[in-house]
Amino acid sequence: MGVIIAKSVNEACAVLAENPATTVLAGGTDLMVQANRGAHSLESVLDLSRIPELKNWSLEGSEMVLGAGISYTDLADPQIAALVPALTQAARTVGSPQIRNAGTLGGNLATASPAGDTIPVLVAMDAVLQLKSSTENREIAITEFITGVKTNALKPGEIIQSIKMPVFQGPQEFLKVGTRNAMVISVVSLALVTDFLGRKLRVGVGSVSPVPFRATAAEEFIAQEFDWETNSALSEKVINKFSELVADSTKPIDDHRGTADYRKHAVGVLAKRALERVCAGEKS
Ligand SMILES: Cc1cc2nc3c(=O)[nH]c(=O)nc-3n(C[C@H](O)[C@H](O)[C@H](O)COP(=O)(O)OP(=O)(O)OC[C@H]3O[C@@H](n4cnc5c(N)ncnc54)[C@H](O)[C@@H]3O)c2cc1C
């Protein structure tokens, strides 16, 4: 097996242009599990983990740009936590400290698992992925990037360079249900993001359909009911209706981690809990 350790994004793209069949490796926390199972043969590997530009992040006007090589540990940076708290909350729930040190945002997106914990947050934020090859730079909405269960829209020779998203003013929540408290894949996950300037509430849900998505009927309902002036508590009737609309928007399946009925119930509980928490929160 040949391993090339790229030192820049341009070098990585040049390697892939020459041999598009080369497997990209970031933290290895998904890829090596597949390789060890024999589900993925590795003839030549391109390691992105030593590319400094993939680990950077910046604030550009009202947008935040995160390098694809940012680890979950990096996402706990207090500055990132202040700008996009739901993403930090999601990152904190991933795996163990070892997995959080190695695993990256780009790897979570490229794996495109319905249970990927950063994905509901990025869906709620309407994140855009910046992809790069030796011949093209292009941007793609996260909902178009993830095309199905563990499939994505990357073309041969392309890597995810960065992830761009707006910075919203207002509280956010990420919640997940698993079979235990830590080191667990989501049975259901939900991100709730408020945008006080745009007077919108955005809900991303995971593990309740092949692809994480936004619960738009629930979003539209709650935007009308939410107290955008004082952010005061909502009535039980409104909270229950919101929870019901979120649950109704899902199409979960039965699997070894939970039944479809349990998932529908659990996502409704998460919606209710997240809404109660953002109502008790500050505006920024
Ligand atoms: C014990 C354990 C616990 C885990 N717990 C969780 C959890 O709680 N929540 C969760 O969401 N996930 C979890 N995972 C899964 C995994 O840690 C994440 O999905 C992680 O983000 C993968 O990132 P990586 O950098 O390790 O990717 P890698 O394993 O290096 O790569 C994964 C895939 O992405 C591709 N890829 C990586 N980076 C790029 C890029 N920049 N451009 C294009 N393609 C790229 C690779 O080619 C490969 O196909 C867990 C895994 C383990 C082993």
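Start by selecting Phe 196 and Phe 226: Phe 196 is buried, and Phe 226 is buried too. Keep in mind during the tour that this is a predicted model.

**First stop: the aromatic rings**

With both side chains shown, look at how the two rings meet. The ring centres of Phe 196 and Phe 226 are 5.9 Å apart and the planes stand at 75°, so this pair is edge-to-face. Now colour the chain around them. Phe 196 sits in the loop between strand 12 and strand 13 (200–206), while Phe 226 sits in the loop between helix 10 (216–225) and helix 11 (236–248). The pair therefore links distant parts of the chain, 30 residues apart.

Add Trp 228 to your selection. Phe 226 and Trp 228 form a tilted aromatic pair, with 4.5 Å from centre to centre and 50° between the planes. Are these two residues buried or exposed? Phe 226 has a relative accessible area of 5% and Trp 228 one of 9%; buried means under 20%, so both count as buried. With Trp 228 in view you can see the cluster of Phe 196, Phe 226 and Trp 228, linked by ring pairs. In total, the structure has three aromatic pairs.

**Second stop: the open sheet**

Next, select strands 11, 12, 13 and 14. These four strands form an open sheet in the order 11-12-13-14, with antiparallel pairing. Which strands are at the edges? Strand 11 and strand 14 are, each pairing on one side only.

Zoom in on strand 11, residues 172–177. Gln 172, Phe 174 and Lys 176 point one way, Glu 173, Leu 175 and Val 177 point the other way, and all of them are buried. With six of its six residues buried, strand 11 is largely enclosed by the rest of the structure.

Move across to strand 12 (residues 188–195), which is joined to strand 11 by six bridges. To find one place where they meet, select Glu 173, which stands opposite Leu 192 in strand 12. One step further along the sheet, seven bridges join strand 12 to strand 13, and these two run antiparallel. Here you can select Leu 190 and its bridge partner in strand 13, Val 205.

Before leaving, follow the chain into the loop between strand 13 and strand 14 (213–214), where you will find Ser 209. Ser 209 has 14% relative accessibility and counts as buried. The Ser 209 side chain reaches the backbone oxygen of Val 211 at 2.7 Å.

**Third stop: the ligand**

Now select the ligand and show what lies around it. How many residues surround the ligand? There are 32, and the closest are Val 24, Thr 29, Asp 30, Tyr 72 and Thr 104. This shell divides into 17 nonpolar, 12 polar and three charged residues.

Colour the elements that contribute: strand 2 (23–25), helix 2 (31–37), helix 7 (105–111) and strand 10 (159–166) each supply at least two residues of the shell. Helix 7 gives the largest share, five residues.

For a closer look, pick out three contacts:

- Tyr 72: an N or O atom in its side chain is 2.4 Å from an oxygen atom of the ligand.
- Gly 95: a backbone N or O atom lies 3.2 Å from an oxygen atom of the ligand.
- Asp 117: an N or O atom in its side chain is 2.7 Å from a nitrogen atom of the ligand.

Finally, switch on a surface: the protein covers 86% of the 980 Å² of accessible area that the ligand has on its own.

Key
Residues are numbered from 1 along each chain as its sequence is written. This is a predicted model: local features need pLDDT of at least 70, side-chain atom pairs count only at pLDDT 80 or more; totals for chains, interfaces and linings use all residues. Side-chain values use heavy atoms; hydrogens and water are left out. Buried means under 20% relative accessible area, exposed over 50%, partly exposed in between (1.4 Å probe, protein chains only). Two strands pair if DSSP finds at least two bridges between them. A residue is near a molecule or strand if one of its heavy atoms lies within 4 Å of it. A polar contact is a pair of N or O atoms within 3.5 Å; within protein, one must be able to donate a hydrogen and the other to accept it, and residues adjacent in sequence count only if both atoms are side-chain atoms. Accessible areas come from the Shrake-Rupley method with a 1.4 Å probe; for residues, only the protein chains shown count as cover. Ala, Val, Leu, Ile, Met, Phe, Trp, Tyr, Cys and Pro count as nonpolar, Asp, Glu, Lys and Arg as charged, and the others, Gly among them, as polar. Rings of Phe, Tyr and Trp (its six-membered ring) pair if their centres lie within 6.5 Å; planes under 30 degrees apart count as stacked, over 60 as edge-to-face and the rest as tilted.
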